[in-house]
Amino acid sequence: MDQNKEIVQTGSASLGGIHCLTIVGQIEGHQLLGDDAKTTKYEHVLPTLAAIEEADEIGGLLILLNTMGGDVEAGLAIAELIAGMKKPTCSLVLGGGHSIGVPLSAAARRSFIAPSAAMTIHPVRLNGVVIGVPQTYNYFSRIQERIVRFVTAHSHCSREDYLRLMTNTDELANDVGSVIYGEEAVELGLIDAVGTLSDALSWLHGEIETERH
């Protein structure tokens with residue numbers, strides 16, 4: 001079964017089970033990636049999120065993240081849906097949250113990052129030939145602004161700190177940006193807490209129980 005369509009629930013249905021959704025590898029949008037690339041197809045995730053929101057037997061959503069970038073527009077579409085859900089949502093960054101993984105993690109009502117995990121923050125970029133340079137630059141600048149606004153609106157990270165991390169030239173050898181590890185991500189306000197699977201599940205069960213009363 002496709003991993004993005006698989007429904008995994010924990011706990012009693014009468015109490016409201018937890019749906020576990022994995023978002024790993026690159027976010028694949030309208031442009032198809034090669035078979036050798038690990039991808040999460042956004043057209044599978046979007047209807048799944050809508051179904052979770054409508055399912056009476058599902059009380060909350062756990063999003064497991066280990067991303068490697070991908071289609072920014074598709075990633076933002078997923079993040080916007082998560083942020084708009086009424087049911088309790090919790091994200092857990094495992095391994096890495098690269099590029100679009102940052103707004104995806106911030107979209108949840110509560111976010112955790114594993115102690116060994118990292119988040120890579122850099123500007124939107126494009127590989128290949130660019131036609132119409134001024135227009136392309138303006139387009140990417142506007143996309144970048146949308147990402148900055150989303151992250152700062154759904155986390156406790158300031159705009160100044162996020163832009164500083166994004167444009168850092170001292171850390172990545174072949175790129176502009178920053179790699180932020182667990183504790184530092186929490187200190188900057190990008191993530192709510194350092195934690196593991198049990199922490200994320202405990203928070204979700206607590207929120208589900210609270211909403212039932």
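Leaving aside its neighbours within four places in sequence, which residues is I78 in contact with? In this predicted model, the residues in contact with I78 beyond that window are I23, I27, Y42, V45, L46, L49 and L104. I78 also belongs to the largest nonpolar core, a set of 45 residues in which I78, L104, Y162 and L190 touch the most other members. Two or more residues of this core are contributed by each of the elements β2 (17-28), α1 (42-54), β4 (58-70), α2, α3 (101-107), β7 (118-121), α4 and α5. Helix α2 provides the largest share, with six residues. A second core, separate from this one, comprises 12 residues, among them L62, A200, L204 and I208.

Charged pairs were examined next. A search of the whole structure identified seven salt bridges. One of these joins R146 to E73, with the closest N and O atoms 2.9 Å apart. Because R146 is located in helix α4 (residues 133-153) and E73 in helix α2 (residues 72-83), this pair ties together parts that are 73 residues apart in sequence. Both partners are partly exposed: the relative accessibility of R146 is 38%, and E73 has a relative accessible area of 31%. The two helices linked by this salt bridge, α4 and α2, are also among the elements that give two or more residues to the largest nonpolar core.

Other salt bridges lie within a single helix. In helix α5 (residues 159-166), D161 and R164 are three residues apart, about one turn of the helix, and form a salt bridge in which the closest N and O atoms are separated by 3.4 Å. D161 is partly exposed at 25% relative accessibility, as is R164 at 46%. Helix α5 is likewise listed among the contributors of two or more residues to the largest core.

In helix α7 (residues 197-212), E209 and R212 are also placed three residues apart, about one turn of the helix. The salt bridge between R212 and E209 has its closest N and O atoms 3.4 Å apart. Relative accessibility is 44% for R212, which counts as partly exposed, and 34% for E209, which is likewise partly exposed.

Finally, salt bridges also form a network in this model, linking R109, E207 and E211.

Definitions and conventions. Residues are numbered from 1 along each chain as its sequence is written. This is a predicted model: local features need pLDDT of at least 70, side-chain atom pairs count only at pLDDT 80 or more; totals for chains, interfaces and linings use all residues. Side-chain values use heavy atoms; hydrogens and water are left out. A salt bridge is a side-chain nitrogen of Lys or Arg within 4 Å of a carboxyl oxygen of Asp or Glu. Helices (H or I, at least four residues) and strands (E, at least two) are DSSP runs, numbered from the N terminus. Buried means under 20% relative accessible area, exposed over 50%, partly exposed in between (1.4 Å probe, protein chains only). A nonpolar core is a set of buried Ala, Val, Leu, Ile, Met, Phe, Trp, Tyr and Cys residues joined through side-chain atoms within 4.5 Å. Contact means heavy atoms within 4.5 Å.
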